[in-house]
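Look at the model below before reading on. The report goes through loops, aromatic pairs, cores and single buried positions.

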Amino acid sequence: MFSNMMIQFLRRSHTLSSSNFKLGRFGFASRAASLPQQTYGNVGGDVDEYADVEWDKIGFGAIPTDYMYVMKCCKDHDFEHGQLNPYANIQISPAAGVLNYGQGVYEGTKAQRRSDGRVLLFRPDQNAIRMREGAHRLCMPAPSTNQFLHALKQTVLANKRWIPPPGKGSLYIRPMLIGSGPILGLAPSPEYTFLIYASPVRNYFKEGIAALNLYVEEEYDRASPGGAGGVKSITNYAPVLKAITRAKNRGFSDVLYLDSVNKKYLEEVSSCNIFIVKGNVISTPPTAGTILPGITRKSIIEIARDHGYKVEERGVMVDELSEADEVFCTGTAVGVAPVGSITYKNQRMEFRVGDESTCSRLYSTLVGIQTGVIEDKKGWIVEVV
């Protein structure tokens, strides 16, 4: 475990004057001088001091915390040693592979604080595995699962005071792997950087826990067979911004995409997977290369089966929406979000929501496990100590 002595040493570095602004070991420009001087609690101890945050007012935005984790390696070599650095802007070559060719993947997970002070992570090994699979698709080396988990825990410990009080949100953790070395011709980067930063967050959608209103997008595709739609690549997200912006300007929460070949099968929402409920049957599109294999999606499938539902991973036609009882979305950021309506070809379809819904039942179980209220019988929870 990263020692409290070293963490306190790093924290004292935040009080450096602007005359000490310099490039760090990995070429990262420390902006510690621009951070306000603060009093810190005992990270990893029994008593934690919370950061000065109005917890009831946070949303899903980037709030700089104290530290980030950084690890680098060269092409054809494995990652070896990483370290905690003060949260800072990074210096990168204009010829970096990530800037010129989009060679980068990322993950998202959350740390939850229990009422007894314990800090829990939910299935972080699955994030490590998915990052390695995505890195392989983009010709990148990746940290081992053990390296990933170690880095994740150190980042959480060092930023523990930024974990919201129980019931006030969570600490969203963003591991990233990027081609940071310079490359002019189209080829894999000669150098790679793995980094993790964190931010306290609450609800992803502005609706909070209210039901979403989705719009079925027919003009733009999210992914195509043979592409990288099943990878959490940074290149998958900018192309959806136009469709999202247009939908939100029309009053919708987000966009539901169709398959690029037939334009008749459901794929996923911009940032989450989709499920439909009919009676005791829950259906969701299969992760067959164009849909991100969500960790929350995978977990909800197991939880639903434990509750006695029949879960089908199959092609779901958009026309089936008109017969559905419920629709809901899943994702690390969104959790399990109920869908109140979907508009397709100017026809608005409404679905059941509320405390007695399937969505609510599954959400309560998921959150109960994530926060330690419900016993974890599946080995999904990792305590950060």
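## Loop positions

Asn346 is exposed, because its relative accessible area is 81%. Asn346 sits in the loop between strand 15 (335-344) and strand 16 (347-350). Its phi is near 65°, a positive value in a residue other than glycine. The model is a predicted one.

Lys263 also has a positive phi, near 60°. Lys263 belongs to the loop between strand 9 (254-258) and strand 10 (266-269). Its relative accessible area is 27%, so Lys263 counts as partly exposed.

Cys139 comes just after helix 3 and takes a positive phi of about 60°.

## The annotated lysine

Which residue carries the UniProt feature "modified residue: N6-(pyridoxal phosphate)lysine"? The record, an unreviewed entry, places this feature at Lys232. Lys232 lies in the loop between strand 8 (212-217) and helix 5 (241-249).

Is Lys232 buried or exposed? Lys232 counts as buried because its relative accessibility is 13%, and the cut-off for buried is under 20%. Residues up to four places away in sequence aside, Lys232 touches Val105, Tyr106, Glu107, Gly108, Arg130, Tyr237 and Leu292. One of these contacts, Arg130, is among the buried residues of helix 3.

## Helix 3

Helix 3 covers residues 124-137, which makes 14 residues. From first C-alpha to last, helix 3 reaches 20 Å. That is close to the 20 Å expected at 1.5 Å a residue. The buried residues of helix 3 are Pro124, Gln126, Asn127, Ala128, Arg130, Met131, Gly134 and Ala135. As a general rule, an α-helix has 3.6 residues a turn, so residues three or four places apart point the same way.

## Aromatic pairs

How many aromatic pairs does a search of the whole structure find? The search finds nine. Two of them are set out here.

| Pair | Centre to centre | Angle between planes | Type |
|---|---|---|---|
| Tyr50 and Trp55 | 6.1 Å | 70° | edge-to-face |
| Phe148 and Phe194 | 5.9 Å | 45° | tilted |

The pair of Phe148 and Phe194 links distant parts of the chain. Phe148 is in helix 4 (residues 145-158), and Phe194 is in strand 7 (residues 191-201). They are 46 residues apart. Both Phe148 and Phe194 are buried.

In the other pair, Tyr50 is partly exposed, because its relative accessible area is 33%. Trp55 has a relative accessibility of 11%, so Trp55 counts as buried.

Ring pairs also join Phe60, Tyr172 and Tyr204 into a cluster. Elsewhere, a charge meets a ring: the charged end of Arg250 sits over the ring of Tyr215, 5.5 Å from its centre.

## Nonpolar cores

The largest nonpolar core has 39 residues. Ala111, Val156, Ile173, Leu177 and Phe194 touch the most other members. Strand 1 (67-74), strand 5 (119-122), helix 3, helix 4, strand 6 (170-179) and strand 7 each supply at least two residues of this core. Helix 4 gives the largest share, seven residues.

Phe194 can be followed further. Neighbours within four places in sequence aside, Phe194 is in contact with Tyr69, Val70, Met71, Phe79, Met131, Pro143, Phe148, Ala151, Pro175, Met176 and Leu177. Apart from the largest core lies another core, of 24 residues. Its members include Leu214, Leu258, Cys272 and Ile342.

In soluble globular proteins, nonpolar side chains tend to be buried together.

## Two buried polar positions

Thr155 lies in helix 4. Its relative accessibility is 1%, so Thr155 counts as buried. Leaving out residues up to four places away in sequence, Thr155 touches Tyr67, Tyr69, Leu84 and Ile196. Tyr69 is also one of the contacts of Phe194. Thr155 and Pro175 are 20 residues apart in sequence and 9.9 Å apart in space, C-alpha to C-alpha.

Gln112 is in strand 4 (residues 109-113). Gln112 counts as buried because its relative accessibility is 14%. Beyond residues up to four places away in sequence, Gln112 touches Arg118, Val119, Leu120, Ile163, Gly169, Ser170, Gln370 and Thr371.

How values were computed
Residues numbered from 1 in each chain as written. Predicted model: local features only at pLDDT ≥ 70, side-chain atom pairs only at ≥ 80, totals over all residues. Heavy atoms only, no water. Phe/Tyr/Trp six-rings, centres within 6.5 Å; stacked < 30°, edge-to-face > 60°. Buried < 20%, exposed > 50% of the residue type's maximum accessible area, 1.4 Å probe, protein only. Helix = DSSP H or I, 4+ residues; strand = E, 2+ residues; numbered from the N terminus. Lys NZ or Arg CZ within 6 Å of the ring centre and 35° of its normal. UniProt positions renumbered as here; feature names shortened; annotations may be inferred. Contact = heavy atoms within 4.5 Å. Expected span 1.5 Å × (residues − 1). Core = buried A, V, L, I, M, F, W, Y, C linked by side-chain atoms within 4.5 Å.
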